[in-house]
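I opened my notebook to keep track of what I looked up, step by step. Have the picture beside you and follow along.

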Amino acid sequence: MVDFLAENNLCGQAILRIVSCGNAIIAELLRLSEFIPGVFRLKDKADQQKYGDIIFDFSYFKGPEACEGKLEAKPELLDLDEEFRENNIEILTRFYLAFQSVHKYIVDLNRYLDDLNEGIYIQQTLETVLLNEDGKQLLCEALYLYGVMLLVIDQKIEGEVRERMLVSYYRYSAARSSADSNLDDICKLLRSTGYSSQPGAKRPPNYPESYFSRVPISETFISMVIGRLRSDDIYNQVSAYPLPEHRSTALATQAAMLYVILYFDPSILHTQQAKMREIVDKYFPDNWVISIYMGITVNLAEVWEPYKAAKTALNYTLDLSNVKEQASRYAAVTERVHTQVQQFLKEGCLREELVLDNIPKLLNCLRDCNVAIRWLMLHTADTACDPNNKRLRQIKDQILTDSKYNPRILFQLLLDTAQFEFILKEMFKHMLSEKQTKWENYKKEGSERMTELADVFSGVKPLTRVEKNENLQAWFREISKQIMSLNYDDSTAAGRKTVQLIQALEEVQEFHQLESNLQVCQFLADTRKFLHQMIRTINIKEEVLITMQIVGDLSYAWQLIDSFTSIMQESIRVSPSMVTKLRATFLKLASALDLPLLRINQANSPDLLSVSQYYSGELVSYVRKVLQIIPESMFTSLLKIIKLQTHDIIEVPTRLDKDKLRDYAQLGPRYEVAKLTHAISIFTEGILMMKTTLVGIIKVDPKQLLEDGIRKELVKRVALALHRGLIFNPRAKIQDWQSIYQSTHIPIPKFTPVDESVTFIGRLCREILRITDPKITCYIDQMNTWYDIKTHQEVTNSRLFSEIQDTLGTFGLNGLDRLLCFMIVKELQNFLSMFQKNILRDRTVQDTLKALMNAVSPLKGIIANSNKVYSAAIAKTQKIWTAYLDSIMKVGQMQILRRQITNELNYSCRFDSKHLAAALENLNKAILADIEAHYQNPSLPYPKEDNTLLYEITAYLEAAGIHNPLNKIYITTKRLPYFPTVNFLFLISQFPKLQYNRNLGVVCKRPADQIDWLPLVLGLLTLLKQFHSRYTEQFLALVGQFIRSTMEQCTSQKIPEMPADVVGALMFLEDYIRYTKLPRKVVEAHVPSFIFDEFRTVL
């Protein structure tokens, strides 16, 4: 019959693919459970108030139109909904695909069972597949993995969160319109069960059996799988554990599978006492805390409480006398085997001869160690015992007392066992690789010795007092031939024959009185020794390594090991060389990866890499977490050294009196510094002793670990110092997993915010905005200085940014610039919302603007009685200008700060990196020239859409200060009616509050008006820059018309002075072309040049 897993066996390959997929799905679910966006939990009040109206559970499906109607009624909710969609659609899609794959998995399994029943696979039925060893394993695993998936989903992704995510995905994606979407089925399968993984939470009734029965599965299949698991040793594990007291450990994997699968047929748990009795006697006679998959543990005493038959069957196991007996037995075993292992680990004990002669003894010791560690680790774990359950607490206390449990002793046993296992494995691997070569060498040596003896008895070779003996000569030659004829490939026959040859050599020594000749005796003894070595060598079998791999499984501790982290770190702090022993423990833990990867590998699935990376990454993160104690301890010592050097050790002057030498020597503090420095070097040596290690598929380089650890600690301490230092007392959202700056190995730490800022940069930025607020300060551009509007005292100047550059460096200043950039974006978005609300939805304002547009048309003309027209329009729109002014001034203020930062960055770049500055400027000019050439002649090249050149060069240019913030497009905009007219009206409405000062330029008439000229100009300029240039053109035309019409009115009324409003308008135009770097003819198109030439002479 064809091998069940052969590539041409469709039946075997189909179920193998399903099981492989199951393991990959569980890895993806575990991976995603760490990235659940916090808002879906709606835990705190802030989230509930902000997102409560846009995040729905399955109640949404009862009336989607009503829910969507509520959203559409409030524009701000629609904006929030759209922002939320943009931020979360990527992760929601990933979650949905994982949920979909769970549903697809069970559909595929059911289809496979139907195909088996219908005879699609020739000569294969459910019964024949269950008779095959591989088939039996795969069918049991397929059902078990489905159960594990459901349990993992419920444990890691709460029911309410699942519902909210599925509804959000349904609303935001195209799935609702897709005909082949099976979203309904997925929602039915994954709707909330009411289960909560929080400690002390009540278990829902009929859980998890009602959850497991949501997708029907063939009852025959379930009962046959349970039958197989009850009766067979489907993985042949008992052969690796020959002792009867180890049987429950041998069958632990099978026990976990049976535990999960029993929920598919809860009647057994409820009523079938005989079956439950049989299951408990076979699998749980001495254990009740089990690991079901990659360290997920359950306590049967708790989970089987609602099931009558199961609870009754388990009563004997949980009887306090049995608990006491087991705990006492493992206490005795632990003590005995720990002494043995420590003996074996002594230097020079594990020699090759000793190992080969004592394989069974060593394996028994390993079995005892691993079984004891497993039992104690599982049954004393905090996660396995609900503190609110009195009976469980009583059982646990009994175990802790009778097993004399000490976590440090257990951890030490784990360390020693891992080291012992590691050494044995390495020795066996080495011996296996050299097995044939050594065997051939021993054979050759033995044969040559016999040939030499044959020559001795021929009488040709002179050897003291050995007479010629042709019989012995012929016999030794025959023995030599027999030794040479031994065949390495037929180990059984060779072993038997070698034993006979050893006996023959012993007999020849006795019967032919050869003892009298010491040299002949020596030759015979040597040959016997070589033959013994051949027997030993032929007994080195790979089965021993396989048994060690099975026995050494530590997958049950995948999560429990974390409870030993503090002990590990304390041990490393006391003795850094402990890292070498920990290396063996981490490698032992890495063997847990074999469990999920075996089937994926057999199926040649492309998921192998991603699943390996996930589990290996988790383990490497844990290794980093444990070893982080080394950089932490180093920095603690460094802090002590800094304290000693800055506060205790006095600097030695260049000249000092001889009698003061002793005072300056300060031997005590200097000895302390030397001691601490030595301690730091010992720590670094400790981590470097670990050697490069392959953990799963990730290579762990100790040098890299140390460097990352030091960087992590440095980031943490610098961030903490800045967090504490930059606290002031005035009276688009990026997810962590999307950020290019956030790292899992060297994370940027998060602190509890002390104000609305998340980090110190935000606080610094808000403090700068506070002290340069245009409502309380006046900015004089020629001086680059801010003055207090009331006291006229200097508040700050451009030196502030040099100080920040010196303190936070280029990256800090660039970060501040980027934050201001995002603040401008936010402010402009707020401005647009305000424009929509206050102007476009206000009937009165709309009518006023319409009337004004009719009055000023055509723009090239002059308005008769202009004063009256403008005053009327301003009076009717008065209420909207306060909010408008605030927005414009904020943007203008931030643009001034950005210009200052750009100036500082460019200045320092030219000084500190002149070659970089020159290269960037030239590259920028060259690219711009090429782009201009392309627009004049489209056949010339232009960077394609997928080319990141422009994006990357922009980041460099901004960091080097080679850009103009005023030319930047911050937001994308749509057409807005009356936009130029509104801005024009806003500008002329502010002129009465301003006046020209010969020394200071344009300033506000009264401090109470709270207007600063330059933020006003730059704010308007930035705002206009976001829209099409025709809006700017129209705006300038309106200002020009205002100047011409007002001047015309003054001339006709014979007023000799130029009106203040006209001066303000001309000053605005002058500053506008100055900051936009536009030619003067742009404004001369709207204002006659003689007025421009004259107005400066009039002032």
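**Entry 1: the whole chain**

I began with overall size: a compact globule of 1099 residues would have a radius of gyration near 31 Å, but this chain has 42 Å. I noted at once that I am working with a predicted model.

Next I looked up the extent along the principal axes, and the C-alpha trace spans about 150 × 95 × 70 Å.

Then I went through the secondary structure and found 46 helices and nine strands in the chain.

**Entry 2: inside, surface and charge**

What share of the 1099 residues counts as buried? I found that 50% do, where buried means under 20% relative accessible area.

For the accessible surface of the chain I wrote down about 55,400 Å². Carbon and sulfur atoms account for 53% of that surface.

I looked up the charges too: there are 129 positive and 130 negative ones. Their mean positions lie 4 Å apart.

**Entry 3: a sheet to trace by eye**

I picked one sheet and followed it strand by strand. A reminder to myself: strands of a sheet pair through backbone hydrogen bonds, either parallel or antiparallel.

I started at β5, residues 777-780, and β6, residues 785-788. These two run antiparallel and are joined by four bridges. To find the pairing on screen, I looked for Y779, whose bridge partner in β6 is W786.

What links β5 and β6? They form a hairpin, with four residues between them. In that turn I marked N784, which has a positive phi of about 55°.

Moving on, I found β6 paired with β7, residues 794-797, again in the antiparallel sense, over three bridges. Here T785 has N797 in β7 as its bridge partner.

β6 and β7 form a hairpin as well, with five residues between them. The residue I marked in this turn is H792, with a positive phi of about 60°.

**Entry 4: putting the strands together**

In which order do the three strands lie? I read it as β5-β6-β7, an open sheet with antiparallel pairing. β5 and β7 stand at the edges with a single partner strand each, so one side of each is left without a neighbour in the sheet. From one strand to the next, I noted an average twist of 25°.

One last reminder for viewing: in a regular strand the side chains alternate between the two faces of the sheet.

Definitions and conventions:
Residues are numbered from 1 along each chain as its sequence is written. This is a predicted model: local features need pLDDT of at least 70, side-chain atom pairs count only at pLDDT 80 or more; totals for chains, interfaces and linings use all residues. Side-chain values use heavy atoms; hydrogens and water are left out. The radius of gyration is taken over C-alpha atoms; the globule rule is 2.2 Å times the number of residues to the power 0.38. Buried means under 20% relative accessible area, exposed over 50%, partly exposed in between (1.4 Å probe, protein chains only). Accessible areas come from the Shrake-Rupley method with a 1.4 Å probe; for residues, only the protein chains shown count as cover. Lys and Arg count as positive and Asp and Glu as negative; His and the chain ends are not counted. The place of a charge is taken as NZ of Lys, CZ of Arg, CG of Asp or CD of Glu. Two strands pair if DSSP finds at least two bridges between them. Axes are lines fitted to C-alpha atoms, for helices over the stretch in contact, and angles run from 0 to 180 degrees between N-to-C directions.
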